[in-house]
Amino acid sequence: MPLAKLISGATRRSSATRDALSQAADHHFHQYLGENVVVSETLRSMRHGIQVFLSYAPRLLVSKCIDGRVHGSIGKGYPPTTVTFSRTDGNRVALTPENMHFWNRVNAVVLSARHHTPDCPALFIALGHRAVLGHGCAAHQGDDAQALVAVREQAITMQAKYDARDLYVVYGMTNTDDGAERLIFLDGHEVDSAAIISLLDTPRMPLKVAADVFQDTFLDRLVDDRPTDHSLGGRRPRQIVHGPEAPLFHDVQSMIAMQTYLLEDVSRVVNNESRNNVVFQPRLFDEIRRMLEAVHDLPQRLLAPLLYQTLWNIAYTLHERERLTKLDEVTRRHELEHAEDIVGYGEGFELERRNRLVLAKPGRGDDQLALQVAKKVLLHNRELDPQPHPPLVHVNVELAGDVDSWEAFNRDVLAPLMTRVENVHTVFGEDCRILTTYSRTREKCFYPVRINPDTTPNSQLNEDHRQSYPADVTRGLTDQNFRRQQFALREQVYKHMMLLETTGEGFTAPDESDLT
């Protein structure tokens with residue numbers, strides 16, 4: 001049997017044998033997975049650029065709410081995979097020794113910094129969120145002051161636990177209307193993107209759109225870096241910064257290329273590496289630098305990354321403000337309020353677009369409570385925007401490295417998936433459809449697997465209508481034929497199959513001869 005058919009489950013179950021609800025859920029999941037494969041392949045092609053970015057950036061951990069409106073790292077100017085996230089409702093975390101998920105996450109970032117950036121501490125940013133046009137944080141009943149108190153207390157506790165030379169802690173708020181961030185340092189100094197825009201926006205030197213953050217001479221010439229210019233397709237910066245779908249913020253390849261270029265440029269200017277500021281508006285650049293230099297305990301190595309991060313956030317904020325003005329009222333309201341249509345439970349969801357997922361990420365201290373909060377948000381969204389299928393839950397386990405045996409795969413993927421699916425069953429009952437996948441930290445591609453084998457004589461005993469999506473990259477593998485090479489080949493076949501379906505363009509089809 002061709003491997004693609006085996007993986008897809010095309011021969012296993014015809015659409016006629018599935019109920020309409022499962023068919024609708026599977027269709028939604030299939031589109032969702034197809035989009036993920038496309039973006040993850042772009043991410044793979046930009047791996048070198050991401051490594052260059054990391055050579056200038058601190059190891060960063062951001063704690064924030066499960067709200068889909070604050071999803072991802074785009075507002076900070078960090079490429080996907082370069083930020084470790086802790087996501088809990090209202091950013092309320094049990095900072096007790098028993099919450100091992102959270103502390104493992106923090107310690108991994110600290111140790112990564114010790115290993116890769118010994119001259120620069122890891123950076124921890126605890127963020128609450130607020131809104132003016134939309135609603136604020138539901139976990140704090142829309143009380144902005146309460147949301148701020150929660151992250152302030154978290155930041156104080158974290159800095160008391162870790163030496164600032166190991167982990168430097170900042171807290172603040174994100175405005176979900178436009179993505180503007182307000183960073184507050186423990187000595188009381190603040191760097192507030194919205195306040196900076198308000199201060200420096202004048203009739204003679206406006207700050208109205210993202211292009212206003214940059215110098216005209218930079219915007220109108222080709223980028224003076226060959227890899228960046230290649231990734232931009234020979235376009236000048238002005239061509240990628242304008243419009244509601246500006247590639248600088250909406251095209252993964254252009255975005256990562258420019259993030260790397262801009263952080264490197266700011267770092268060279270700050271570190272006096274024979275580079276003047278020829279990219280950003282001098283008045284804006286100098287004002288943010290002055291604010292950061294006033295923070296009395298800020299490590300010198302964090303000055304350039306935080307300066308870059310704020311410049312990017314201001315450009316992103318201005319872009320979002322302009323974009324919202326071009327939307328009709330219904331679409332605008334949809335952008336400003338909760339609109340998530342899937343619960344994401346586990347890790348590895350960074351590639352998904354803003355406001356698509358409401359997360360239940362291990363680390364709060366109680367996974368079932370996190371799922372209950374996520375379910376409440378999702379059901380509310382479904383009341384406003386009905387869907388033709390039951391509530392959708394995507395459960396993912398993320399791997400940091402390779403697995404080379406069925407025993408390792410069973411322990412590191414299948415068993416954790418089963419534990420999490422049981423939590424989903426407890427919270428959602430029979431009324432849900434569940435997608436189970438694994439991913440890898442560096443690539444963020446979701447590979448679908450089914451927990452129970454469906455190719456055995458007794459497979460009907462393990463059937464569960466809640467797990468209707470048929471694809472499984474490990475279908476037919478056992479401890480006798482599980483080899484790393486075969487496992488990797490199946491992943492390649494899956495991606496090739498999904499790329500062909502989604503874009504009409506795959507890559508060179510893998511050779512399946514090793515499987516026979």
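Student: In this predicted model, is asparagine 91 buried or exposed, and with what relative accessible area?

Tutor: The cut-off for a buried residue is a relative accessible area under 20%. Asparagine 91, in the loop between E2 and helix H4 (100-116), meets that cut-off and is therefore buried. Its relative accessible area is 2%.

Student: What is the phi of asparagine 91, and why does its sign deserve attention?

Tutor: Most residues other than glycine have a negative phi. Asparagine 91 is not a glycine, yet its phi is positive, at about 50°.

Student: Which loop holds threonine 81, and what is the phi of this residue?

Tutor: Threonine 81 is placed in the loop between strand E1 (60-64) and strand E2 (83-87). Threonine 81 is likewise not a glycine and has a positive phi. The value is about 85°.

Student: Is arginine 354 buried, exposed or partly exposed?

Tutor: Arginine 354 sits in the loop between strand E7 (342-346) and strand E8 (357-360). Its relative accessible area is 21%. Buried requires under 20% and exposed over 50%, so arginine 354 is partly exposed.

Student: Which residues does arginine 354 contact, leaving aside its neighbours within four places in sequence?

Tutor: Contact here means heavy atoms within 4.5 Å. With its neighbours within four places in sequence left aside, arginine 354 has contacts with Gly68, Arg69, His71, Thr176 and Glu335.

Student: Which two residues touch the most other members of the largest nonpolar core, and which helix gives the most to this core?

Tutor: The largest nonpolar core has 63 residues, and the members touching the most others are Phe214 and Leu262. Leaving aside neighbours within four places in sequence, leucine 262 is in contact with residues including Phe214, Tyr308 and Trp312. The greatest contribution to the core, twelve residues, comes from helix H13 (residues 300-325).

Student: How many residues form the other core, which lies apart from the largest one?

Tutor: Among the members of this other core are Ile342, Tyr447, Ile451 and Met498. The core consists of 59 residues.

Student: How many helices and strands does the chain have, and why is it described as being as compact as a globular protein of its length?

Tutor: The secondary structure comprises 17 helices and eleven strands. For 516 residues the globule rule gives 24 Å, and the chain is as compact as a globular protein of that length because its radius of gyration is close to this, at 23 Å.

Student: What share of the residues is buried?

Tutor: The count is taken over the 516 residues in the chain. Buried residues make up 56%.

Methods: Residues numbered from 1 in each chain as written. Predicted model: local features only at pLDDT ≥ 70, side-chain atom pairs only at ≥ 80, totals over all residues. Heavy atoms only, no water. Helix = DSSP H or I, 4+ residues; strand = E, 2+ residues; numbered from the N terminus. Rg over C-alpha atoms; globule rule 2.2 N^0.38 Å. Buried < 20%, exposed > 50% of the residue type's maximum accessible area, 1.4 Å probe, protein only. Core = buried A, V, L, I, M, F, W, Y, C linked by side-chain atoms within 4.5 Å.
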